[in-house]
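Welcome! Please take a moment to look through the sequence and the model below before reading on.

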Amino acid sequence: MPDLDSLPTEFANSLRKMRGPALEGEPWAEGPPLSERRIAIVTTAGLHRRNDRPFVMGSVDYRVVPRTSTRELVSTHISPNFDRSGFAEDLNVVLPLDRLHELAERGVIGSVADHHYSFMGAAQIEKLAPSAADLAGHLKADGVNGVLLVPV
Amino acid sequence: MSGLGHFIEREGVPTAGISLVREHTESARPPRALSVPFDFGHPFGAPGDAELQHRVLLALLHLFESKRGPVLELFPDQGEGASAHGQATPWSCPLPLPDDQRGGDSEQAGSLELAVQAELRALLPWYEHAAAERQRTTVGASGIEIPSLVSFIAAFLAPPLPDSPNEALSLPLALKAAVEDLKQVYLEAVSARPDAAATNHRQLNDWFWRETRAAELLRAVAKAAHGTGDQTLDIVAGMLLVPAAQSE
């Protein structure tokens, strides 16, 4: 993003105040070489299928984004402060599934997960912990050993 | 985002995240992060630039090869076009928008609503073209049909307030979703025009917020719907309809 100083003053100040609380510990998980990893994407763009439940203020749960759903995706992220025209023109700007599959075909990564996941990134960090732990269980069950976290 | 990385990694699943606000990431110290210089809404750079998207993705994936963390790396370039920094050169949309009503008495809610309806009619052929070409549209989260979006939004200009047309959304959030749907119709439509091929997202958003009657309607609704006594509607109207960058 541009330097905070280049943004409108009030907006920049609100961003400076949005630093979350310090999180305990520095977790670190190991995995196999990149060429053997199964990769999933977790976005906070508030994406979901058109007929899924929309995100609302305070949502801390997630939606499942199947790899086959890319033409159905809309966003109910509540923030007005990010561009949505890029996502409309090319989903890969926020959810680079085409690029990821191309890397899998080239053998750069092992495989792409069948399911990806979406949160709405306006929640308080600490309130996301239970949903994140639940999601981690599903990721492990799917053999995922590399998660890409993508904000908007 | 950093919190999610922390919580998922804590369960034993390796994570690597894009950082859009480096100051936040430096503070949160997630396991692996790649700071990119792109605008909000563009974590992988410019639409249609597969080469840039690949480079960002590879830089992110290679963080998994780090032996220890937390690790925060900087993506080494700014990409091109849509995500380059600096002021956007103004772009004007030469669509035959209804100038005949511009400059009239904008306090007349009915007049403004009619003007936006006319804009929308002029844009619909390009919206339909864009949806067909891309085989997708991002419009529809509100559950309101496109022809009804303007009248629903304009109903907030004066009491009584309308009912929510979507049982999954409270009235304030139905307004928010309808506003985003209307804006997406405009942006999807103009971005598909051949004469907009060289525009970037800053130019498109500036065009929407500075030149269209729809933006005038949204600003009027934000003002009218603020202070109704409904706390959620106050938040939506006061903070969530008009981007901060377009309100100062």
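What follows is a short tour of chain B and its contact with chain A.

Keep in mind that this is a predicted model. Chain B is assigned two domains, domain 1 (2–82) and domain 2 (99–246), and their C-alpha centres lie 32 Å apart.

Two helices of chain B make a handy pair to look at:

| Helix | Residues | Length | End-to-end C-alpha span | Expected span |
|---|---|---|---|---|
| H3(B) | 50–61 | 12 residues | 16 Å | 16 Å |
| H8(B) | 213–224 | 12 residues | 16 Å | 16 Å |

In H8(B), the buried residues are Arg213(B), Ala214(B), Leu217(B), Leu218(B), Val221(B) and Ala222(B). In H3(B), they are Leu52(B), Gln53(B), Val56(B), Leu57(B), Leu60(B) and Leu61(B). The buried residues of H3(B) cover an arc of only 170 degrees around the axis, so they sit on the same side of the helix. As a reminder, an α-helix has 3.6 residues a turn, so residues three or four places apart point the same way.

What do the buried residues of H3(B) pack against? Their partners come from both chains: helix H3 (97–105) and strand S7 (146–150) of chain A, along with strands S1 (15–19) and S2 (32–35) of chain B.

Now for the contact between the chains. It takes 71 residues from chain B and 70 residues from chain A. On the chain B side, H1(B) gives the largest share, nine residues. The residues on that side divide into 37 nonpolar, 23 polar and 11 charged.

Strands also meet across the chains: S7(A) and S1(B) pair in the parallel sense over three bridges, and Val147(A) stands opposite Thr15(B).

Key. Residues numbered from 1 in each chain as written. Chains lettered and ligands numbered in written order. Predicted model: local features only at pLDDT ≥ 70, side-chain atom pairs only at ≥ 80, totals over all residues. Domains from an automatic or database assignment. Helix = DSSP H or I, 4+ residues; strand = E, 2+ residues; numbered from the N terminus. Expected span 1.5 Å × (residues − 1). Buried ≥ 20, exposed ≤ 12 C-beta atoms within 10 Å, placed from the backbone. Arc of directions from axis to C-beta. Contact = placed C-beta atoms within 7 Å. Nonpolar A, V, L, I, M, F, W, Y, C, P; charged D, E, K, R; others polar. Pairing = 2+ DSSP bridges.
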